[in-house]
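Visitor: I have this structure open and would like to talk it through with you. Could we go over it piece by piece?

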Amino acid sequence: MRFLTWNIRFGGIGAGRTEYDPATSGKNVKAVAKAVLAQDADVVVLTEYRDAPETGGVIKAMLESRGYQSYVSNPGLDKNGVLIAFGEEVREHYDVLHSDNFRIDKAQLDEVYYYRWLNLKLVS
């Protein structure tokens, strides 16, 4: 089984950027997705993934068009989180389930950390 993990920095919008730039960020986001797909990984993990339509939405759509099933820690949010995508071959052998065995006390953490993990398990 081949795993790929990549910190795509601020949703893949471009080096040194912290905000989406309509002139260049769309191109960068597509380049991130193409680079991920070129690796033909069975499991893809992207950190600093953002689920906004113009960033993570593009990446997720490109992955899903190639047969991946995606799970995100930050659905619909333009906040750094995690995407985990499983290829068809993995899903032929395993069911992907949400796991609730990891709990945090949000009162003890700054909000920036709420969306930075995704608790899944594979069951055969």
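Visitor: Let's start with helix H3, then; which of its residues are buried?

Guide: Before the answer, please keep in mind that this is a predicted model. In helix H3, which covers residues 56-65, the buried residues are Gly56, Ile59, Lys60, Met62 and Leu63. Seen down the axis of H3, these buried residues fall within an arc of 160°, so they line one face of the helix.

Visitor: And what covers the buried residues of H3?

Guide: The cover includes helix H1 (9-12) and helix H2 (25-38), together with strand S2 (43-49), S3 and S4.

Visitor: I see a lysine among those buried residues. What does lysine 60 form a salt bridge with?

Guide: The partner of lysine 60 is aspartate 51, and the closest N and O atoms of the pair are 3.0 Å apart. As for their surroundings, lysine 60 is buried and aspartate 51 is buried as well.

Visitor: How many salt bridges are there by this rule?

Guide: The count comes to four, and besides the pair just discussed I can describe two others in some detail. Arginine 17 forms a salt bridge with aspartate 21, with 2.9 Å between the closest N and O atoms, and arginine 17 itself counts as partly exposed because its relative accessibility is 30%. Glutamate 111 forms a salt bridge with lysine 79, and there the closest N and O atoms are 3.4 Å apart.

Visitor: Where do glutamate 111 and lysine 79 lie?

Guide: Glutamate 111 lies in the loop between S5 and S6, while lysine 79 lies in the loop between strand S3 (69-72) and strand S4 (81-86), so the salt bridge ties together parts that are 32 residues apart in sequence.

Visitor: Is that pair buried or partly exposed?

Guide: Glutamate 111 is partly exposed, with a relative accessible area of 35%, and lysine 79 also counts as partly exposed, at 31% relative accessibility.

Visitor: Staying with that loop, which residues make the nonpolar surface patch?

Guide: The patch is made by Leu109, Val112 and Tyr113, and its area is about 240 Å². Valine 112 has its place in the loop between strand S5 (95-98) and strand S6 (120-123), and at 38% relative accessibility this valine counts as partly exposed.

Visitor: Let me step back to the overall fold. How many helices and strands does the protein have?

Guide: There are four helices and six strands, and along the sequence they follow the pattern β-α-α-β-α-β-β-α-β-β. The radius of gyration is 15 Å, close to the 14 Å that the globule rule gives for 124 residues, so the protein is as compact as a globular protein of that length. The C-alpha trace spans about 45 × 40 × 20 Å along its principal axes.

Visitor: What about burial and long-range contacts?

Guide: Of the 124 residues, 40% count as buried. Among the contacts with a separation of 6 or more, 64% are between residues 24 or more positions apart. The protein exposes about 7400 Å², of which carbon and sulfur atoms supply 48%.

Visitor: Changing topic to the backbone: where is there a positive phi in a residue other than glycine?

Guide: Arginine 9 has a phi near 50°, and aspartate 40 has a positive phi of about 50° although it is not a glycine. As background, most residues other than glycine have a negative phi. Arginine 9 has its place in helix H1 and counts as partly exposed at 46% relative accessibility. Aspartate 40, by contrast, lies in the loop between H2 and S2 and is exposed, with a relative accessible area of 53%.

Visitor: And which residue just after H3 has a positive phi?

Guide: That is glycine 67, which takes a positive phi of about 95°.

Visitor: Last one, tryptophan 6: what is it in contact with?

Guide: Leaving aside neighbours within four places in sequence, tryptophan 6 is in contact with Val32, Ala35, Val36, Val45, Leu46 and Thr47. Tryptophan 6 has its place in strand S1, residues 3-7, and counts as partly exposed at 34% relative accessibility. The C-alpha atoms of tryptophan 6 and asparagine 119 are separated by 18 Å, and these two residues are 113 residues apart along the chain.

Methods:
Residues are numbered from 1 along each chain as its sequence is written. This is a predicted model: local features need pLDDT of at least 70, side-chain atom pairs count only at pLDDT 80 or more; totals for chains, interfaces and linings use all residues. Side-chain values use heavy atoms; hydrogens and water are left out. Patches are made of residues with over 30% relative accessible area and no salt bridge: like charges are joined within 9 Å, nonpolar side chains (Val, Leu, Ile, Met, Phe, Trp, Tyr) within 5 Å. Accessible areas come from the Shrake-Rupley method with a 1.4 Å probe; for residues, only the protein chains shown count as cover. A salt bridge is a side-chain nitrogen of Lys or Arg within 4 Å of a carboxyl oxygen of Asp or Glu. Helices (H or I, at least four residues) and strands (E, at least two) are DSSP runs, numbered from the N terminus. Buried means under 20% relative accessible area, exposed over 50%, partly exposed in between (1.4 Å probe, protein chains only). The radius of gyration is taken over C-alpha atoms; the globule rule is 2.2 Å times the number of residues to the power 0.38. Contact means heavy atoms within 4.5 Å. The arc is that of the directions from the helix axis to the C-beta atoms.
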